[in-house]
Amino acid sequence: MSRTVLSLGSNLGDRLGYLQLAVDGLRDALVAVSSVYETRPWGVSDQPDFLNAVCVVDDPGRDEWDWLRRAQELEEAADRVREQRWGPRTLDVDVVVVGEVRSEDPRLLLPHPGTASRATVLVPWLEIEQAAWLPGRGSVAGLLAELPAEERAGVRLRDDLRLA
Ligand SMILES: Nc1ncnc2c1ncn2[C@@H]1O[C@H](COP(=O)(O)OP(=O)(O)OP(=O)(O)O)[C@@H](O)[C@H]1O
Ligand SMILES: Nc1nc2c(c(=O)[nH]1)N=C(CO)CN2
């Protein structure tokens, strides 16, 4: 299976430590990892700011379901508790795209349906893949340019933080 994009987010506890846990757990297939961004929460606004990042991974031996399983294992390793939709969490790992795969199975929607409107995903993704393309929607650069300036302003580079 082809290149896969995963988004990482954390807004509870050791936020950078949880993102690093995810990167460590993806190491065997890791192609690229973005900078870390401090982001204003969307969905539920009354919660702490998130740290967000995006990873590109590639492993011909894994399909989209393997990536979902890996994402959920990483969330469990971060002691994630599912409480409130769009609420605070130690670690969120979303499968953004798996090559050109489309899926309407609610357990695994591909491409991830929120992507086109989330600067928290588009900004770090564009950083590591300048030609990034969201199947069915267009170029990531174009999608980002269409978002309200306020959305993009809510995503701030934290160049003092780094994922190794
Ligand atoms: N592309 C995908 N990546 C990750 N989970 C997905 C995907 N498509 C569907 N899901 C399903 O979404 C369910 C809930 O995921 P989660 O609690 O992380 O949602 P959320 O992060 O609060 O909201 P959102 O999905 O809008 O980011 C999971 O049980 C998972 O099976
Ligand atoms: N800024 C930001 N806000 C969020 C995020 C996220 O990753 N970043 N994830 C959420 C649940 O999926 C809800 N809100």
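**Two ligands in a predicted model**

Ligand 1 has 15 residues around it, and the closest of these are Arg82, Val95, Arg107, Leu109 and Arg118. The model is a predicted one, and what follows goes through the surroundings of each ligand in turn.

Sorted by class, the shell around ligand 1 comes out as seven charged, six nonpolar and two polar residues. Arginines turn up among the closest residues, namely Arg82, Arg107 and Arg118. Arg80 puts a polar side-chain atom 2.9 Å from an oxygen atom of ligand 1. Arg89 does likewise, with a polar side-chain atom 3.1 Å from an oxygen atom of this ligand. His112 joins in as well, a polar atom of its side chain lying 3.2 Å from an oxygen atom of ligand 1. On its own, ligand 1 would expose 630 Å², and the protein buries 79% of that.

As for where ligand 1 sits, the space it takes is the largest pocket. Three elements each give two or more residues to its shell: helix H2 (64–77), strand E5 (92–98) and strand E7 (108–110). Of the contributors, E5 gives the most, with three residues. Val95, listed among the closest residues, falls within the 92–98 span of E5, and Leu109, also among the closest, falls within the 108–110 span of E7.

Turning to ligand 2, its surroundings are made up of Thr39, Arg40, Pro41, Trp42, Phe50, Asn52, Trp86, Arg89, Asp92 and Thr120. By class, that shell splits into four nonpolar, three polar and three charged residues. The nonpolar part is Pro41, Trp42, Phe50 and Trp86, while the charged part is Arg40, Arg89 and Asp92. That leaves Thr39, Asn52 and Thr120 as the polar ones.

Polar contacts to ligand 2 involve both side chains and backbone. An N or O atom in the Thr39 side chain is 2.7 Å from a nitrogen atom of the ligand. At Arg40 the partner is a polar backbone atom, 2.8 Å from a nitrogen atom of ligand 2. Asp92 brings in its side chain, where an N or O atom is 3.1 Å from an oxygen atom of ligand 2. Ligand 2 has 340 Å² of accessible area when taken by itself, and the protein covers 95% of it.

The space that ligand 2 takes is, again, the largest pocket. Arg89 ties the two sites together in this description: its side chain has a polar atom 3.1 Å from an oxygen atom of ligand 1, and Arg89 is also listed among the residues around ligand 2.

Terms used
Residues are numbered from 1 along each chain as its sequence is written. Chains are lettered from A and ligands numbered from 1 in the order in which they are written. This is a predicted model: local features need pLDDT of at least 70, side-chain atom pairs count only at pLDDT 80 or more; totals for chains, interfaces and linings use all residues. Side-chain values use heavy atoms; hydrogens and water are left out. A residue is near a molecule or strand if one of its heavy atoms lies within 4 Å of it. A polar contact is a pair of N or O atoms within 3.5 Å; within protein, one must be able to donate a hydrogen and the other to accept it, and residues adjacent in sequence count only if both atoms are side-chain atoms. Accessible areas come from the Shrake-Rupley method with a 1.4 Å probe; for residues, only the protein chains shown count as cover. On a 1 Å grid over the protein atoms alone, a cavity is a set of points where a 1.4 Å probe fits but cannot get out, and a pocket is an open set with protein on both sides within 12 Å along at least five of seven lines; lining residues have an atom within 4 Å of a point. A molecule sits in a cavity or pocket if more than half of its atoms lie within 2 Å of its grid points. Helices (H or I, at least four residues) and strands (E, at least two) are DSSP runs, numbered from the N terminus.
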